[in-house]
Amino acid sequence: FTALNQFLMVDQTDTIETSGRNIEVNANTILAGNIITDSVNAPGTIDLIATDSLEVGAVRATISNVSPAVVADGGNINLNAGGSITVNGSEATSGVSPDLLGISALSANGNAGSVTLRAIDDINIICPQAFCIETLAGGISGIAARGNGADVTVTSRDGGITIGNPANNNVVAIDAKSTDGFDSGDILVTASDDIAISGVVAAITGTGQGGDINITSEGSIQAGQVRTDGGIGGLARLAARGDVQLESILAEGIDLGGFVVVNSREGDITVTGPIQTGSDNTDMTTVDFGRRTVPDPRLLGTVDIAGTASIQLGDVDASGIIEDPSVREVNINSRGGDITVGNIQAGSNDTGGLNDSGGFVDVASGGGRVVVGNINTQGPDGAGRVNVNAGTGTAIVGTVQADSLQTGGQVDIAAEGNVQVGDINAQGT
């Protein structure tokens with residue numbers, strides 16, 4: 001369809017459905033209901049391109065055929081607007097189950113299709129039920145996936161991004177997952193204004209590789225749980241000029257944990273729940289990195305939190321079992337604000353081997369009050385270093401365990417103000 005001015009569906013609860021055929025709409029303004037190319041064999045792609053604003057209901061290009069004889073991919077979905085984009089699932093109900101509202105390119109038995117939204121102005125995605133954007137492989141109860149999750153890209157050049165339903169934080173806002181033996185897709189969300197995501201952002205898998213999640217804003221970031229766990233955890237990177245507020249970050253791995261990087265240039269950082277990058281593998285040489293580029297596998301499991309103002313975190317778990325001297329680190333640094341952290345675990349989970357070291361822990365503020373729970377950097381082949389520095393402020397630390405069957409870890413706790421510490425064990429042989 002091509003329109004010189006508007007492409008308008010008078011009843012925005014109506015549906016355009018063409019099973020397995022491509023749909024492309026070009027217009028100055030697009031105001032549409034549901035656009036669906038679902039198929040049991042090969043769904044069509046969907047391209048909606050507006051030079052001004054774009055508003056649509058459910059957008060679906062999925063394959064639901066679960067026959068072992070059919071392996072097919074989900075269709076790609078592209079929404080592009082010179083103005084704003086609105087996906088209004090709360091109104092697009094005619095002929096579509098409420099559980100299926102949103103944007104979906106899943107495949108039950110192949111690779112998922114990708115989803116791309118690009119706008120000059122604001123992007124608003126409203127999803128009242130189960131999900132907002134899904135590019136998952138699988139999604140059919142009792143059926144194992146036979147493909148990878150696909151990428152999700154949501155970009156606003158001059159505006160903000162809102163995804164989810166503020167009244168229902170149980171919604172999976174973005175889902176690019178897969179299952180055992182396959183990899184998740186990557187998730188990229190970028191805006192020049194605030195980003196607000198109500199619900200879970202997930203790029204998880206079973207024994208495959210968790211996808212990378214990058215959320216970047218020149219304003220603030222607010223999201224629920226961020227998950228990129230798998231056989232190998234993925235990268236979870238969140239960077240904002242203003243505040244960053246999250247419920248939790250899970251990037252742990254069966255073989256190797258992922259990376260967590262959170263940065264705020266001017267605002268506070270708050271993660272109310274746990275940050276996890278731990279792993280259980282006993283032999284790094286057995287790990288298949290597949291399509292991922294890992295510059296130094298020993299760094300997997302690292303947590304980097306950096307800001308200029310207040311930092312408040314729950315427990316941080318970067319523990320692991322790797323038969324290689326580990327350099328995984330937990331770095332939490334504020335230029336001058338207060339830091340409050342729960343327990344920090346960067347030690348080895350290996351109680352029987354002699355080839356695994358604890359990680360390093362560094363918590364520092366230029367002049368705030370630093371409060372940390374218990375710290376563990378134990379390792380049978382050497383404990384990790386512990387550094388807590390409150391600059392011109394005060395430091396309060398619980399128990400520090402940096403002991404080892406080999407070399408104990410160096411422990412430095414300093415502040416120009418008061419220092420309060422529980423027991424410290426840095427023994428070695």
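**Reading the labels on this predicted model**

Tutor: D158 forms a salt bridge with R157, and their closest N and O atoms are 3.0 Å apart. This is a predicted model, in which local features need pLDDT of at least 70 and side-chain atom pairs count only at pLDDT 80 or more, while totals for chains, interfaces and linings use all residues. Residues are numbered from 1 along each chain as its sequence is written, and side-chain values use heavy atoms, with hydrogens and water left out.

Student: Why is the pair of D158 and R157 called a salt bridge?

Tutor: The term requires a side-chain nitrogen of Lys or Arg within 4 Å of a carboxyl oxygen of Asp or Glu. The closest N and O atoms of R157 and D158 are 3.0 Å apart, so the pair meets the criterion. In general, side chains of opposite charge can pair when their charged atoms come close. The structure holds seven salt bridges.

Student: What makes D158 partly exposed, and what makes R157 exposed?

Tutor: Buried means under 20% relative accessible area, exposed means over 50%, and partly exposed lies in between, with a 1.4 Å probe and protein chains only. D158 stands at 43% and therefore counts as partly exposed, whereas R157 stands at 54% and therefore counts as exposed.

Student: How do D175 and K177 fare, buried or exposed?

Tutor: Their side chains meet in a salt bridge at 3.9 Å, N to O. D175 is buried because its relative accessible area is 7%, and K177 is partly exposed because its value is 31%.

Student: Which salt bridge does E266 form, and which parts of the chain does the pair link?

Tutor: E266 pairs with R241, the closest N and O atoms being 2.9 Å apart. The pair links distant parts of the chain, 25 residues apart, with E266 in the loop between β29 and β30 (269-271) and R241 in the loop between β25 (235-240) and β26 (244-246). Salt bridges that share partners join E218, R241, R265 and E266 into one network.

Student: How do you know that C127 and C132 form a disulfide?

Tutor: A disulfide is a pair of cysteine sulfur atoms within 2.5 Å, and the S to S distance here is 1.5 Å, so the pair qualifies. By this rule the count comes to one disulfide, and both of its cysteines, C127 and C132, are buried.

Student: What makes V419, V421 and I424 a patch?

Tutor: Patches are made of residues with over 30% relative accessible area and no salt bridge, like charges being joined within 9 Å and nonpolar side chains (Val, Leu, Ile, Met, Phe, Trp, Tyr) within 5 Å. V419 has 41%, so it passes the accessibility cut-off. V419, V421 and I424 form a nonpolar patch on the surface, with about 220 Å² of accessible area together (Shrake-Rupley method, 1.4 Å probe, only the protein chains shown counting as cover for residues).

Student: What are the contacts of L313, leaving aside its neighbours within four places in sequence?

Tutor: Contact means heavy atoms within 4.5 Å, and by that rule L313 touches I269, V271, I275, I305, I332, T340, V341 and G342. L313 is also among the residues with the most contacts inside the largest nonpolar core, which has 87 residues; such a core is a set of buried Ala, Val, Leu, Ile, Met, Phe, Trp, Tyr and Cys residues joined through side-chain atoms within 4.5 Å.

Technical notes
Helix = DSSP H or I, 4+ residues; strand = E, 2+ residues; numbered from the N terminus.
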